[in-house]
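Please open the structure in your viewer and keep the selection panel at hand. The tour goes from the whole chain to single side chains.

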Amino acid sequence: MRSLLPATLLLAAAVPAENLVSNGGFEQGLKGWEVSNPSGVLKAEADGKVRRSGKASAHLVKRGGARLLADGLVFALSKIPAGAKVSVSAQVRGKDMKNGWVKFSAYDEAGEQLLDAVAVNEANLRGTFDWTEVKKEFEIPAKAVRADLALWLYLDGEAWLDEVEVIPLGKGAPPPKKEPAKALDSGIRKWLDARAVKVRSLDEKAPLGDLAPLKEILKDARIVQLGENTHGDGACFEAKVRLVRFLHEEMGFEVLAFESGLFECESANGLLRKGDAAGAMDASIFGIWHTAPVRRLFRYLVDRAKVPKPLHLSGFDCRWSGEIAARFPDE
C-alpha cells in the first residue's frame, strides 16, 4: 500500500527591486535632495497635507515673473547600474504650472553628460492637474559613474512631487547589428563628388584643410547660420564646434551668436576673459545646449579671448536664458 504524502509548495517571497532614490517618498523631508534656485524666487519644502502616499510630498512654488530659468529639486544618484536599464518614474501634481519637466541625466567620471537631461514626461507639465504618473525607461551608458533626477520649473507655477523611483531592470539591450552600407546610386555619387565638401574629421583640434573649399562658398557672407537636427545632437555639435573654429581662424568671423538672452551672452564675455568657461556657459545660454561638445566650445572661447581679435559671444533672444539674467534689473 502506498502512502500519499501531502505535497509542499514553497513560495519564494517576492523581493522588491531596489529604489536608487533613497528618499523618493519624502518621508524624511527633503533629505538627499538639492534645491536649485538660480532665479532666486523658488520655494521648496516638504508638505504633510498634500501627498500621493505616505506622510509627505515635496512642494515647489515659483512666483515672480516669467523667468525662463531652470529652478527645481534635484536628487543625485551616486549608485547606478552602468550599462543596464532603469525605470524612472514619479508622481506629479500641478497648480497653474506654466512649464515643468521631470528629467534624468547621467555623467561620466570627467563630469561630461552622457544622457543630457532627457525628459521623463512626454510633454511639458502645465496647468492645474491631479496626481499624474510620469514614467520612462533609460539605458545607462557603460561609462556613466553618476546620475541625477530632477523636477524643473522653467516658468511660474506650483508643483508637488512624490513616489519618485529609479528601479534597475537588468542588462541593457545588445548593440544593434550594423547593416552593410548600401552603395550609392552612381548619379547621386557623381553629383556629390562635384558639389560636396568632404569632411575628414569631427575633432575640433584637427587640421582645417578639408574645410578650405568653404572659403570660396562663403566669401561674400557676413552671417553664417549653423543649424542642428535636434538640440543636444552630439555629432552635429562636434562638427559645428570645428566649423566655428574654421570660420573664426580662417575667415575672420568675430561674433558667435546663440539663440539665448541678449544680456546674458553679452555679460558672459567678462567671464570668458577671466578664463571661466563653465561659468560663462552656465550663466548665458539655455540649458538645452549644456552638452559636452558645447562645453568644449566654451573652453575654445576662453582660449580665443586672449588673442588680439577674440571671438565675441552674443545672443539674439529677448528671453532670460542664464543665471546672469537675475542681475539685469540692477545693471
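What follows is a walk through the whole protein, its aromatic rings, two charged side chains and its cysteines.

This is a predicted model, in which local features need pLDDT of at least 70 and side-chain atom pairs count only at pLDDT 80 or more, while totals for chains, interfaces and linings use all residues. Residues are numbered from 1 along each chain as its sequence is written, and side-chain values use heavy atoms, with hydrogens and water left out.

Begin with the whole protein in cartoon view, where 6 helices and 11 strands can be found, helices (H or I, at least four residues) and strands (E, at least two) being DSSP runs numbered from the N terminus. The radius of gyration, taken over C-alpha atoms, is 25 Å, well over the 20 Å that the globule rule (2.2 Å times the number of residues to the power 0.38) gives for 331 residues, so the protein is more spread out than a compact globule. Along its principal axes, the C-alpha trace spans about 100 × 65 × 30 Å. Of the 331 residues, 40% count as buried, where buried means under 20% relative accessible area, exposed over 50% and partly exposed in between (1.4 Å probe, protein chains only).

Next, select Phe263 and Phe328. Rings of Phe, Tyr and Trp (its six-membered ring) pair if their centres lie within 6.5 Å, with planes under 30 degrees apart counted as stacked, over 60 as edge-to-face and the rest as tilted; by this rule the count comes to 6 aromatic pairs. The centres of Phe263 and Phe328 are 5.1 Å apart and their planes stand at 70°, so this pair is edge-to-face. Because Phe263 lies in helix α4 (residues 262-273) and Phe328 in the segment after β11 (312-317), the pair ties together parts that are 65 residues apart in sequence. Phe263 is buried, at 18% relative accessibility, whereas Phe328 is partly exposed at 44%.

Then select Phe26, Trp33 and Phe75, which form one aromatic cluster.

Move on to Arg146, whose charged end sits over the ring of Tyr107 (CZ of Arg or NZ of Lys within 6 Å of the ring centre and within 35 degrees of the ring normal), at 4.1 Å from the ring centre. The charged end of Lys240 sits over the ring of Phe237, 4.2 Å from its centre.

Finish with the cysteines: which cysteine sulfur is closest to that of Cys265? That sulfur belongs to Cys318, and at 13 Å it is too far for a bond. The structure holds 0 disulfides, a disulfide being a pair of cysteine sulfur atoms within 2.5 Å. Cys265 is buried at 0% relative accessibility, while Cys318 is exposed at 71%.
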